[in-house]
Amino acid sequence: MDGPEKKYVLSTYDRIGADYKQTRREDTRLARLIARELREARTVVNVGAGTGSYEPADRFVVAVEPSDVMLQQRPPKASPAAQAIAERLPFRDEAFDAAMAVLTVHHWNDQDAGLRELSRVARDRIVLLTWDPSHEGFWLMRDYFPQFLEADRQRLPPVERLLNFLADAQVITVPIPHDCADGFLGAYWRRPRAYLNPEVRSGISSFATCRDLSPLQRLEEHLDTGEWQRRYGELLEAEALDIGYRLVVGRPSSGCP
Ligand SMILES: C[S@@+](CC[C@H](N)C(=O)[O-])C[C@H]1O[C@@H](n2cnc3c(N)ncnc32)[C@H](O)[C@@H]1O
């Protein structure tokens, strides 16, 4: 890689991605939702593909991922992968039926350029999984790490901006199951002690780049004294919760900004 791609190489996931596969595994329920939204697409490009989660096995998929550390963790049988960035996809116009991008747009240096590229290389369908920055978040972000909420509101694209890049778009709420297998930030909303585990935190970019972990002491105290249960105990009854994750889906737009 050269130019802007080269600049990526020493970036976030080469630093924090070494143990990604330990905690970031595909959740089959989320995989089903993504596959459903890909509709009849036979050929799919998965941009910001990481280690290969959510790549449907019954279609021809090409992955795009800039980080060596992530590429090295792709299983031997995973789809073929190109080392490249969303902002400059090495494919001709309309090369694929669909493009998908799962929990990655907020990591791109130039989100608009990447979204334009998705519209350029996809013929029929774009499927994005993201977090809506207008959502209030969940207890961890609100009461313990408000800096995560602030940072995510800065880096996650507003859903309205994503809609500018799609035609006939739809925004689908994705409730997160209480036992979600993919350990992203919100995955442990019903398993609060998980956030005390360094291995769990290492798979979550907000934690992996966070210098002040002192709120974890308060969380541990609250769990030990029953204060957490007093505040949030009713969550323990819920099977799935809307904490702001959204599928934003539609057709590629010819009038991208
Ligand atoms: C949270 S991970 C998600 C990976 C995968 N989609 C998944 O759901 O497991 C974000 C990924 O985006 C990749 N990424 C960061 N900047 C990128 C860019 N400019 N273009 C494409 N991918 C990028 C990272 O290297 C990382 O693999």
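A pocket is here an open set of grid points with protein on both sides within 12 Å along at least five of seven lines. In this predicted model, the largest pocket has a volume of about 890 Å³. Its lining comprises 49 residues. Tyr13, Leu103, His106, His107 and Ser205 are the closest to the pocket centre. Four helices and strands, α2 (12-16), β1 (43-47), α8 (146-155) and α11 (205-208), each contribute at least two lining residues. The greatest contribution comes from α8, with five residues. By class, the lining of the largest pocket holds 26 nonpolar, 17 polar and six charged residues.

The second largest pocket encloses about 200 Å³ of space. Its lining is made up of 14 residues. Gly52, Glu55, Lys77, Ala78 and Ser79 lie nearest the centre of this second pocket. Five of its lining residues are nonpolar, four are polar and five are charged.

Backbone geometry was examined at two non-glycine residues with positive phi. Leu103, one of the residues closest to the centre of the largest pocket, has a phi near 50°. Leu103 sits in the loop between β4 (96-102) and α6 (111-121). Its relative accessibility is 15%, so Leu103 counts as buried, the cut-off being under 20%. Arg39 also has a positive phi, of about 50°. This residue belongs to the loop between α4 (28-37) and β1. Arg39 is partly exposed, because its relative accessible area is 45%, a value between the limits of 20% and 50%.

Note on methods:
Residues numbered from 1 in each chain as written. Predicted model: local features only at pLDDT ≥ 70, side-chain atom pairs only at ≥ 80, totals over all residues. Heavy atoms only, no water. 1 Å grid on protein atoms, 1.4 Å probe; cavity = no way out; pocket = protein on both sides within 12 Å on 5 of 7 lines; lining within 4 Å. Points joined across faces, edges and corners; volume = space filled by probe spheres on them. Nonpolar A, V, L, I, M, F, W, Y, C, P; charged D, E, K, R; others polar. Buried < 20%, exposed > 50% of the residue type's maximum accessible area, 1.4 Å probe, protein only.
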